[in-house]
Amino acid sequence: MSGISQIKSKLLVEQVQENIYKYIIDENIAVGEKLPNEFELGKKFNVGRSTVREAVKLLISRGVLEIRRGSGTYVINRTPAESDPLGLLALGDKMSLAIDLANLRMMLEPGMAEMAALNATEEDIEKLERLCDSVENKIRRGDDYVSDDIAFHTCIAECSKNKVVEHLVPIIDTTVMMFVNVTHKKLTEETILTHRAVLNAIKDKDVIGARSAMTMHMTYNRTMILNMIKAENNK
């Protein structure tokens with residue numbers, strides 16, 4: 001195989017890998033469920049079985065899939081390993097972890113929003129507005145909005161222009177995903193409202209408004225998690 005052919009083959013495998021992962025998320029295939037076989041996946045994505053096989057290997061290396069000999073390929077994690085570099089999602093007590101993360105976010109993200117209001121460029125704000133719109137539109141349509149929600153908070157961190165904050169982005173990504181999963185997407189209207197308030201404050205260079213709006217956003221999430229813990233303890 002020539003060098004160009006090898007590159008094309010690698011790019012195709014990587015694309016199919018992303019298509020399979022998107023299929024898992026879009027079809028809401030739960031952890032523990034079995035994927036269609038190589039032939040069915042190949043037919044779905046219009047590629048050969050060998051390409052599917054290599055794509056599956058990539059998802060295995062990312063901690064998403066597992067092959068069980070004689071049984072098939074199963075989803076073992078809907079969150080790729082690189083999206084959870086600290087291994088937080090592997091911890092057992094999800095509600096306890098969720099409240100710890102909520103407290104951490106209350107410490108960090110209002111300050112990030114304040115710095116974003118000071119330092120965001122016009123280009124940054126345009127990107128943040130696109131993400132805000134995308135989250136709202138997906139919520140209204142009933143689509144999965146988690147990746148855009150993560151991107152919105154990541155963008156705010158980047159808008160702060162603080163080099164240390166940039167290294168905290170993986171933690172922010174993990175916490176957003178954890179919050180959405182733990183609260184079962186019950187805070188959609190609050191998410192739309194507070195995201196928009198944060199965006200508008202950053203656009204207006206309103207540092208107090210940005211901090212306050214982000215604090216409100218965090219408070220909604222933290223309060224719901226506390227209420228869920230209380231309800232569980234009262235059973």
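Two cavities of 30 Å³ or more are present in the structure, which is a predicted model. The largest cavity encloses about 110 Å³ of space. Its lining comprises 15 residues, of which Asp149, Phe179, Val180, Thr191 and Asn221 are the closest to its centre. Four helices each supply at least two residues of this lining, namely α6 (146-159), α8 (169-182), α9 (188-203) and α10 (207-233). Among the contributors, α8 provides the largest share, with three residues. In chemical character, the lining of the largest cavity is divided into five nonpolar, six polar and four charged residues.

The second largest cavity has a volume of about 50 Å³. Its lining consists of Leu104, Arg105, Leu108, Glu109, Met112, Leu168, Ile171, Ile172 and Thr175. Here α4 (94-119) and α8 each supply at least two residues, and α4 gives the most, with five. Six of the lining residues of the second largest cavity are nonpolar, one is polar and two are charged. Helix α8 thus appears in the account of both cavities, as a supplier of at least two residues to the lining of the largest and of at least two to the lining of the second largest.

The cavities may now be placed within the overall architecture. The protein holds 10 helices and two strands. Read from the N terminus, the order of elements is α-α-α-β-β-α-α-α-α-α-α-α. Of its 235 residues, 40% count as buried. Among contacts with a separation of 6 or more, 72% are between residues 24 or more positions apart.

The two strands belong to one hairpin. Strand β1 (residues 65-68) pairs with strand β2 (residues 72-75) in the antiparallel sense, over four bridges. Leu65 of β1 stands opposite Val75 in β2. Three residues separate β1 from β2 in the hairpin, and in the turn Gly70 adopts a positive phi of about 80°.

Attention turns next to the nonpolar interior. In soluble globular proteins, nonpolar side chains tend to be buried together. The largest nonpolar core of this model has 20 residues, and those that touch the most other members are Leu128, Phe152, Ile156, Val198, Ile202, Ala210 and Met214. Two or more residues of this core come from each of α4, α5 (122-141), α6, α9 and α10. Another core lies apart from it and has 19 residues, including Tyr21, Ile24, Leu59 and Leu65. Leu65 therefore links two parts of this description, being a member of that other core, which by definition joins buried residues through side-chain atoms within 4.5 Å, and standing opposite Val75 in the hairpin.

Two residues illustrate the packing in detail. Ala210, one of the core residues that touch the most other members, is in contact with Ala113, Glu114, Ala117, Ala201 and Ile202 when residues up to four places away in sequence are not counted. Of these partners, Ile202 is likewise listed among the members of the largest core with the most touching neighbours.

Thr154 offers a second example. This residue lies in helix α6. Is Thr154 buried or exposed? With a relative accessible area of 12%, Thr154 is buried, because the limit for that class is under 20%. When neighbours within four places in sequence are left aside, Thr154 is in contact with Val169 and Asp173. Helix α6, in which Thr154 lies, also supplies at least two residues to the lining of the largest cavity and two or more to the largest nonpolar core.

Key. Residues numbered from 1 in each chain as written. Predicted model: local features only at pLDDT ≥ 70, side-chain atom pairs only at ≥ 80, totals over all residues. Heavy atoms only, no water. 1 Å grid on protein atoms, 1.4 Å probe; cavity = no way out; pocket = protein on both sides within 12 Å on 5 of 7 lines; lining within 4 Å. Points joined across faces, edges and corners; volume = space filled by probe spheres on them. Nonpolar A, V, L, I, M, F, W, Y, C, P; charged D, E, K, R; others polar. Pairing = 2+ DSSP bridges. Buried < 20%, exposed > 50% of the residue type's maximum accessible area, 1.4 Å probe, protein only. Contact = heavy atoms within 4.5 Å.
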